[in-house]
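Reader: Hi! I have a structure open on my screen and would love to go through it with you. Could you take my questions as they come?

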Amino acid sequence: MIKTVILLIRIFLSDCLKLAKRRLLIIALLLGQGGAAFSQAPPPTAPAPTPAAAGKAPAAAAAAPPASQAISTPDIAAQAETALERIRQLENRNQIDEVIDAASSEIPVLERDTSYHHREMRQLLTRNAALETLRNQERESREIESRASSLTRDLTRAALRVDRNIQELETLGAVWDTTGKAALEAGAPPEVLERVHDVRTSIDQAKRQLRGDRAKLLALQGKSADIGARAAQARQTLEEAGERAVTRLLYRDSLPLWSAAFWQTSVKSFSNEAGANLLNQATALFEYLRAHRINLVLHILLLSGLIAALFLVRSKIAALCETDDNLQRSRKVYDMPVVSAMLIALFASTWFYPRPPHSLWIILGVLAAAPVLVFARRVIDSGLYPVLYAAIGFYLADRLRAIFTPLPGVSRLLFLLEVLALLLFLAWTLRRPRPQVNAPQPAGLPEWRPIRFSAWLALALISIALVANAGGYVRLADLMLHTVLSSAYTAVVLYAFSRVGDGIIQGLLYVPPFSMLGMVKRHKMRLTRRIDRWLKRIAFLAWIILTLETPGLLRPVLAFIQSARRASISIGSLTLSVEQVLSAFLLVWAAYLLSRLVRFLLEEEVYPNVRLDRGLPYAVSTMLHYAVLLSGLVLALGALGVDMTKFTIVAGALTVGIGFGLQNIVNNFVSGLIILFERPIKVGDTIQIDDVIGRVQRIGIRASIVHSTMGAEVIIPNGKLVSDKVVNWTLSNQMRQITVPVITKPDVDVARIKSLLLEIAGKNKLVVKDPPPEVHFVKRGIDTFEFELRVWTDALDSWLDVRSDLITEINEALRENAIAAQAPVPAPAVPGAG
């Protein structure tokens, strides 16, 4: 009994608390404090979005009722669920947190890189820095500016998105304020009023959260923009310093070596700035690798995978080399799987390390020296080993000297030692005896002539650099030496890369699925030569670009090319620029190459696997050829700026003139199209027109080529093939009838003669059994009987040989049986007979 009373008391108190809460809510609304009951103190109003941003507002906001329109009481429950879902979407916590976290981790790295960069820049501007160093610093400034600009754009987009979400929440909050007042005035149940209160509370919490996110985004945006502005200012300063350095290359920027002041000050000028500079570079490199440690791990995994793959393929390539001598050149790549894998991994470094510091490129270049040296030793002649060692060794020495750039005196002394050693090597190279012209030469020695020319050019440049450095023109000397050594080292590296690429691709042609392709089976050597040629062209183009980039000539050359492209010439009302002409030429050339590629793929991969009528593949390939070339021509005319409407009108006006002046050409062209579509004559058919008998080799635009039985190539206009009488011996099949006349004495046994002739025809392997051979008694003369042997053969190209063999066998048989009146003679030509 006592437990029951306690339970009733608890239920009563709970109902009283609920009723009191509802009545307090109603009293607050009646006193006009509904806004306070539904929301907290209003925060500062968010800035109004721009018209563009307002236009991009989500569709849900546009579909929401106006602020003065309340939601009807029966719809409040359903609309509350929709509103809460929309609020969760507008908070968008995952995307905003990702942007904030990414910016929070990137900005300290940018600030640190900017601080290091500005410190190095101040040190460079206080002394006569080398032109290469200024350009490297300018490149780093440009990279920092690019990273900061990209981050600023991301933060700006996120901030605008947050502003739009806040504005939509404001509109949604106004709707639910009006709805709460209207529901209270309509006497809505307390549960409905609580539901309205819950929605309004969620809106206020979402707005507070978004305003906090916006404050973080704007703070990060300000830092990122400041970093970008500082980087842009540093880049501009370095560009101006570089331009001044270029204009003052021919001015003395240091003390000459014979000056006593140089030996008293420059050599002893070790400063704390040099150690700080090296420490800054090492710290920046460490921080970069730590930030991209995942990419570093992926790079190592790529190297390991390449080594494993090349080890697996090596045994198969070795087995194939025993039966295919063409793989001997590629075998060297697979015999060195670790070296080849290292070269490929180093070549792919740009994919793993975006915008790396300059010190990382120096390290990668030094690391590439060992595999390049090992690989190049295997693919060049031993007579070129000294050139290889010198190109790699002097480049590494030059990179080592670059570490002492903050020490001008030490750097110049190292420069002198390096140049003297290089001059001695070049002199030794040029004094080497030339290979004898008639003597047997190794495979690598034909390259000796360009090497000697390069050695003479390098000798001249290095001599000038030595004199310039001794006289105090340090920047000019450093620029010349670095350009020569970088160009030589780049040539060696690109040569190694091209040979590795050629070997890898050639090896892939021997493994599935490439080895299963028809074009690979039939044209493997042709594809290999084409790939090798294109790889060499790409390597040569890359060498030119990198060689021009080293002394800073690439930008002026590109600027000159840009200005040359804009040059124009006026022809009447038509103005043509060099760019338009080049674009038109490239479009036509690309259309021609595409046509060749498409026809090659069709002939090698499609036609052999599809059953088509004879001559149809040639017709399809020819029509595709015309269609692709016509498309390229139309695009080229568009690139030239030709108005196609006016061109159509002019073409229509010229139709009459073409019809009269070029009547035969147009007739032959249309006749060629008729032949291709109707196919009364196909490539490979044996035809007879007038006194010409031969095989059709080609059906061209204007004429067709027929290879006659006499060995001549006869050019026949297409119009003649359409309008004149043409005998096609192979239109429906490859069968041909051969007729052999036989004349005997009048007293022979006719049945025996027929049996003898049929026996001779049956013994000939080129005579078909169906239709069977036939013998006809065609004429009974006073002194002779005349018979005719008719046989069929599918050896169309050898029908004359078959006829000759039959005549010979018949002649021998008649002589043995003493029944021949005379030797068989050919009968007059009969239409349809052989």
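Reader: Let's start with a single residue: is aspartate 690 buried or exposed?

Author: Happy to help. Keep in mind that this is a predicted model. Aspartate 690 has 55% relative accessibility, and the cut-off for exposed is over 50%, so aspartate 690 counts as exposed.

Reader: And where is aspartate 690 found?

Author: Aspartate 690 is in the loop between β3 and β4. Those two strands form a hairpin with 2 residues between them. The backbone there is worth a look: aspartate 690 has a positive phi of about 55°, although it is not a glycine.

Reader: Nice. How do β3 and β4 pair?

Author: β3, which covers residues 686-689, pairs with β4 in the antiparallel sense, over 4 bridges. One pair you can pick out is isoleucine 689, which stands opposite valine 692 in β4.

Reader: What is the strand order in the sheet they belong to?

Author: The order is β6-β5-β4-β3-β7, in an open sheet of 5 strands with antiparallel pairing. The edges are β6 (713-717) and β7 (727-728), each of which pairs on one side only.

Reader: Let's walk across it, then. How many bridges join β4 to β5?

Author: There are 5 bridges between β4 (residues 692-699) and β5 (residues 703-708), and the two strands run antiparallel. A hairpin of 3 residues connects β4 to β5. Across this pairing, valine 696 stands opposite valine 706 in β5, and arginine 695 has histidine 707 as its bridge partner.

Reader: Which residue of β6 does histidine 707 stand opposite?

Author: That would be glutamate 713. So you can trace a path over three strands, from arginine 695 to histidine 707 in β5, and on from histidine 707 to glutamate 713 in β6. β5 and β6 are joined by 5 bridges and run antiparallel.

Reader: Which residue takes a positive phi in the hairpin of β5 and β6?

Author: Glycine 711 does, with a phi near 95°, in a hairpin that has 4 residues between the strands.

Reader: And at the β7 end, what stands opposite isoleucine 687?

Author: Asparagine 728 in β7 stands opposite isoleucine 687. β3 and β7 run antiparallel and are joined by 2 bridges.

Reader: Which way do side chains point along a strand, in general?

Author: In a regular strand they alternate between the two faces of the sheet.

Reader: Thanks! Changing topic to helices: how do α7 and α8 cross?

Author: The axes of α7 (residues 131-185) and α8 come within 6 Å and cross at roughly 160°. Angles over 145 degrees count as roughly antiparallel, so α7 is roughly antiparallel to α8. The crossing of α7 past α8 is left-handed.

Reader: Is there a residue in α8 I should click on?

Author: You could try arginine 235, which lies in α8 (residues 190-247). The side chain of arginine 235 makes a polar contact of 2.6 Å with the side chain of glutamate 145.

Reader: Why does arginine 235 count as buried?

Author: Because its relative accessibility is 18%, and buried means under 20%.

Reader: What else does arginine 235 touch?

Author: Leaving out residues up to four places away in sequence, arginine 235 touches Glu138, Ser141, Arg142 and Glu145.

Reader: What about α24 and α25, at what angle do they pack?

Author: α24 (residues 578-606) and α25 (residues 616-639) pack at about 165°, with their axes 8 Å apart. That angle makes α24 roughly antiparallel to α25. Their crossing is right-handed.

Reader: And which residues does a cis peptide bond join?

Author: Look at aspartate 770 and proline 771, where omega is about 0°. Proline 771 is in the loop between α29 (750-763) and β9 (774-780).

Reader: Last one, the overall picture: how many helices and strands are there?

Author: The protein has 30 helices and 10 strands. Of its 834 residues, 39% are buried. Among contacts between residues at least 6 apart in sequence, 75% join residues at least 24 apart.

Key
Residues are numbered from 1 along each chain as its sequence is written. This is a predicted model: local features need pLDDT of at least 70, side-chain atom pairs count only at pLDDT 80 or more; totals for chains, interfaces and linings use all residues. Side-chain values use heavy atoms; hydrogens and water are left out. Two strands pair if DSSP finds at least two bridges between them. Buried means under 20% relative accessible area, exposed over 50%, partly exposed in between (1.4 Å probe, protein chains only). A polar contact is a pair of N or O atoms within 3.5 Å; within protein, one must be able to donate a hydrogen and the other to accept it, and residues adjacent in sequence count only if both atoms are side-chain atoms. Contact means heavy atoms within 4.5 Å. Axes are lines fitted to C-alpha atoms, for helices over the stretch in contact, and angles run from 0 to 180 degrees between N-to-C directions. Angles under 35 degrees count as roughly parallel, over 145 as roughly antiparallel, 65 to 115 as roughly perpendicular and the rest as oblique. A crossing is left-handed if the near helix is turned anticlockwise from the far one by less than a right angle, and right-handed if clockwise.
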